[in-house]
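Biologist: I am new to this structure and should like to be guided through it. May we begin with the ligand and then turn to the domains and sheets?

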Amino acid sequence: MTQSPAAAKHRVVVVGAGFAGLYLVQGLKGAGCAITLIDQRNHHLFQPLLYQVATTLLSTSEIAWPIRRVLRDRPDVETLLARVTGIDRAGGQVLLETGDRVPFDTLVLATGARHAYFGHDEWEADAPGLKTLEDATTIRRRLLLAFERAELTLDAAERDANLTFAIIGGGPTGVELAGILADLAHRVLPREFRRIDTRTARIMLIEAGPRVLPVFAQSLSDYAAAALQRRGVQVLTGRPVTAISDRQVTIGDEAVPCRTVIWAAGVQASPAAEWLGAEADRAGRVMVDADLTLPGDPRIFVLGDTAHVEVDGKPVPGLAPAAKQQGQYAAAAIRARLAGKPAPGPFRYAHQGNLATIGRNAAVIDFGRIRLTGWLAWWIWGVAHVYFLIGVRSRLAVAINWLWSFLSRQNPARLITQKETARRD
Ligand SMILES: Cc1cc2nc3c(=O)[nH]c(=O)nc-3n(C[C@H](O)[C@H](O)[C@H](O)COP(=O)(O)OP(=O)(O)OC[C@H]3O[C@@H](n4cnc5c(N)ncnc54)[C@H](O)[C@@H]3O)c2cc1C
């Protein structure tokens, strides 16, 4: 690999331009180090709104931004589009899929998480999860094609199977997907189809545990389940899925013909622990010290969804604010080291609450003591998410899109594009 002009400076290599990596890089502005930011994608993605791309409310460019553009005013940062495949700890180098190596003085791993299929990786082709823009457009394509096929076929059983949708996992992503899909089938599409009544679509939200939104207060879970049912969603709790194919989903012993299955059930950390040969928890997250460094190797920080750190005896959750706070903390720690100052105290996590939408005019917000439901929660949720987007253009575009969809009852991003890669369509 060619030498960067800033090679004489302290080299900080950051892997992952998600929330943790980006906030870390922002926190190192003016610190006087040479930063190399490596990501396998050319964009930073706002994952909390992915489900709106999957369900035709937003377009991909409204929730993702080219990393180079975000950092164009930072000559101290070079950006490499590459997939990391390992770490040579002894040699102090990051290994890339291309065979190149990138040397580091300080390494920050912030490579996030991916789907976990609880030992059934073969389900992935028929039940894609939602993690990347490609996942979102794949799901959007399958949802829209299912309605098209139902309109086309003259076979009643085939029509019903195409109008049956299974969403597996009753966490925020599953609830949000089910709610918007119900809005799509009941409010947006009915006027446009002639042979089918899209309001007859069967949308199942399947959760193995006893309730949806398990990390929220019980009253908010109950509200969410009732709001989904009012929208026509079948909420099936305490019902584990036992098999998935391109023809059906099996819930317990019951096989339901179904052409569209979406996975929103489990996550597994990136393989950072394997790269490092480090101890990991059950979800594959690297066990880090209270200062977010690898035990015994203070050169290496591990942040965000790929790290396991406990504050006040509780693991920090895999949420965007936690990743951002970890990025800010690690930047402060690196700055202190470079300046020869004492390290900041252990990482502290400030929980900002749990939020989830259920659909038009319905959301739940759990700030601990303050709990909100209904239209007020929905508007607060919307304003908070617009605020956290990057740049004025995205904020305006998303706000206008939402307002337009709200007033017109139309979803603007409904093009079926690209070829299906996992299945034959
Ligand atoms: C559908 C969905 C909805 C969510 N909704 C919410 C929500 O409403 N509120 C909330 O607080 N949180 C939400 N989250 C969780 C939140 O998005 C994550 O906690 C947060 O993104 C974690 O940040 P991170 O920086 O650790 O990882 P990520 O943001 O996932 O970033 C990881 C980065 O690492 C890169 N990378 C991974 N592996 C490699 C490799 N081998 N080589 C190079 N680059 C690599 C990836 O391309 C990515 O850019 C949601 C997550 C999902 C998937």
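Modeller: Certainly; please bear in mind that this is a predicted model. The ligand is surrounded by 33 residues, and these form the starting point.

Biologist: Which residues of this shell are closest to the ligand?

Modeller: The shell around the ligand holds 33 residues. By class, it divides into 16 nonpolar, 12 polar and 5 charged residues. The closest of the shell residues are G16, G18, G112, G304 and A323.

Biologist: Which helices and strands each supply at least two residues of the shell around the ligand?

Modeller: Several elements contribute to the shell at this level. One of them is the strand β2, at residues 34–39. The full set with at least two residues each is α1 (19–27), β2, α2, α6 (172–188) and α9 (320–338).

Biologist: Why does the ligand lie between the two domains?

Modeller: The protein is divided into domain 1, made of 11–115 + 268–338, and domain 2, made of 121–265. The ligand lies between them because residues of the shell around the ligand come from both domain 1 and domain 2.

Biologist: How far apart do the C-alpha centres of domain 1 and domain 2 lie?

Modeller: The two domains touch, with 12 residues of domain 1 in contact with 16 residues of domain 2. Their C-alpha centres lie apart by 32 Å.

Biologist: Which element gives the most to the side of domain 1 that touches domain 2?

Modeller: On this side of domain 1, 7 residues are nonpolar, 4 polar and 1 charged. At least two residues each come from α2 (50–54) and β10 (113–115). With 4 residues, the element that gives the most is α2.

Biologist: What does the UniProt record annotate over residues 11–327?

Modeller: The end C-alpha atoms of residues 11–327 lie 17 Å apart, and the span is 28% helix and 29% strand. In an unreviewed entry, UniProt covers these residues with the annotation "domain: FAD/NAD(P)-binding".

Biologist: Which strands stand at the edges of the open sheet of 4 strands?

Modeller: This sheet has parallel pairing and the order β13-β12-β11-β17. Each edge strand has a single partner strand, so one of its sides is left without a neighbour in the sheet. These edge strands are β13 (233–237) and β17 (260–263).

Biologist: What is the bridge partner of I167 in β17?

Modeller: Strand β11, residues 164–168, runs parallel to β17 and is joined to β17 by 4 bridges. Within β17, the partner of I167 is I262.

Biologist: At about what angle does α6 run to β12?

Modeller: Neighbouring strands of the sheet β13-β12-β11-β17 are turned by 20° against each other on average, direction ignored. The helix α6 lies across β11, β12 (202–207), β13 and β17. Relative to β12, α6 runs at about 175°.

Biologist: Which residue in the turn between β15 and β16 has a positive phi?

Modeller: Strands β15 (residues 248–251) and β16 (residues 254–257) pair in the antiparallel sense over 4 bridges. In this pairing I251 stands opposite E254. The two strands form a hairpin with 2 residues between them, and the turn residue with a positive phi, of about 60°, is G252.

Biologist: Which residue of β8 is the bridge partner of L95?

Modeller: An open sheet of 3 strands has the order β6-β7-β8, with antiparallel pairing. Its edge strands, β6 (84–88) and β8 (101–103), each pair on one side only. Strand β7 (residues 93–96) is joined to β8 by 3 bridges, and the partner of L95 is R101.

Biologist: Where does UniProt place the feature "transmembrane region"?

Modeller: The span that carries this feature is 89% helix and 0% strand, and its end C-alpha atoms lie 16 Å apart. The unreviewed UniProt entry places the feature at residues 378–404.

Notes:
Residues numbered from 1 in each chain as written. Predicted model: local features only at pLDDT ≥ 70, side-chain atom pairs only at ≥ 80, totals over all residues. Domains from an automatic or database assignment. Contact = placed C-beta atoms within 7 Å. Nonpolar A, V, L, I, M, F, W, Y, C, P; charged D, E, K, R; others polar. UniProt positions renumbered as here; feature names shortened; annotations may be inferred. Near = placed C-beta within 6 Å. Pairing = 2+ DSSP bridges. Axes fitted to C-alpha atoms, helices over the stretch in contact; angles between N-to-C directions.
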